[in-house]
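Visitor: I have a model open and some questions about its fold. Can you walk me through it?

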Amino acid sequence: MPARDDDLERLVVDRTRQDAGHVEGEGEDITQFRGGNSFQKFGVIEPYKGDSKAEGRAAVTGKDADRFNFKAPTLRNVEMTYPYFHDGAANTLPEAVDTMARIQLGKKFTPEENAKVVAFLKTLTGDQPNFKLPILPPSADATPRPAPFDKK
Ligand code: HEM
């Protein structure tokens with residue numbers, strides 16, 4: 001068990017206090033924030049500037065308040081699931097953490113702080129889930145075709 005790191009704890013707890021971005025946990029206090037059920041504003045402090053036209057949950061609900069709300073992804077095994085964000089714009093964890101700090105918390109992590117958060121995220125690596133892949137129904141001429149964002 002590594003020694004307790006108060007700085008890291010502060011960095012990580014800080015983010016969960018704000019809005020519990022992607023906490024997945026047990027216990028009464030935070031179950032309401034389970035990542036799987038939570039959509040969060042992407043760009044709390046500073047708007048996110050990306051190349052894709054995706055505007056998040058608003059595309060499903062039609063509500064302006066849902067603009068740029070995206071599903072907060074689980075961080076379990078995040079080390080193994082590059083690229084990051086809905087548009088895959090961040091290629092590495094340090095890059096994703098830097099963006100999160102800036103646009104979600106209004107902070108600029110030092111390289112050491114960033115490295116600590118990345119080291120923490122890597123502790124969330126475990127066995128990859130092993131499940132049977134679903135068999136999708138066969139497609140036919142009448143099957144709606146995919147409409148990628150940039151083709152709209
Ligand atoms: C130090 C604090 C934080 C760290 C280290 C962090 C880390 C990350 C990482 C690594 C991802 C990419 C995951 C992936 O694509 O698989 C991510 C995405 C995301 N985070 Fe955070 N996060 C932090 C703070 C927050 C906060 C405070 C919120 C909400 C208020 C939040 C909401 C989100 C959302 C909605 C996404 C998905 C964005 C998208 O798909 O484009 N995060 N975060």
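The questions below go from the whole chain to single residues.

Visitor: What is the pattern of helices and strands along the sequence?
Guide: This is a predicted model. The chain holds five helices and two strands. Read along the sequence, they follow the pattern α-α-β-α-β-α-α.

Visitor: What is the mean pLDDT of the chain, and which stretches stay under 50?
Guide: Residues 15–20 stay under 50, and the model has nine contacts for them beyond four places in sequence. Residues 24–34 are also below 50, with ten contacts beyond near neighbours in sequence. Where pLDDT is low, the predicted coordinates should not be read in detail. Across the chain, 74% of residues reach 70 or more, and the mean pLDDT is 83.

Visitor: What share of the chain counts as buried?
Guide: To count as buried, a residue needs 20 or more other C-beta atoms within 10 Å of its own. The chain has 152 residues. The share that passes is 12%.

Visitor: Which residues of α4 are buried, and how wide an arc do they cover?
Guide: Helix α4 spans residues 93–105 and reaches 17 Å from first C-alpha to last, close to the expected 18 Å. Its buried residues are Leu93, Ala96, Val97, Met100, Ala101 and Gln104. They sit on the same side of α4, because the arc they cover around the axis is only 135 degrees.

Visitor: Which element gives the most to the largest nonpolar core?
Guide: That core has six residues: Leu93, Ala96, Val97, Met100, Ala101 and Val117. Five of them come from one helix. The top contributor is α4.

Visitor: Which residues does Ala96 touch, leaving out those up to four places away in sequence?
Guide: Ala96 is one of the buried residues of α4. It also belongs to the largest nonpolar core. Its partners are Tyr84, Phe85 and Ala90.

Visitor: Is Met80 buried or exposed?
Guide: Met80 lies in the loop between β2 (69–71) and α4. It has 10 other C-beta atoms within 10 Å. The cut-off for this class is 12 or fewer, so Met80 is exposed.

Visitor: Which residues is Met80 in contact with, beyond four places in sequence?
Guide: Met80 and Gly126 are 46 residues apart in sequence, yet 9.7 Å apart in space, C-alpha to C-alpha. A contact needs C-beta atoms within 7 Å. For Met80, the contacts are Thr125 and Gln128.

Visitor: Which residue follows α4, and what is its phi?
Guide: The helix ends at residue 105. Next comes Gly106. Its phi is positive, near 65 degrees.

Note on methods: Residues are numbered from 1 along each chain as its sequence is written. This is a predicted model: local features need pLDDT of at least 70, side-chain atom pairs count only at pLDDT 80 or more; totals for chains, interfaces and linings use all residues. Helices (H or I, at least four residues) and strands (E, at least two) are DSSP runs, numbered from the N terminus. The expected span of a helix is 1.5 Å times one less than its number of residues. The arc is that of the directions from the helix axis to the C-beta atoms. A nonpolar core is a set of buried Ala, Val, Leu, Ile, Met, Phe, Trp, Tyr and Cys residues joined through C-beta atoms within 7 Å. Two residues are in contact if their C-beta atoms, placed from the backbone, lie within 7 Å. pLDDT is the predictor's confidence in each residue, from 0 to 100.
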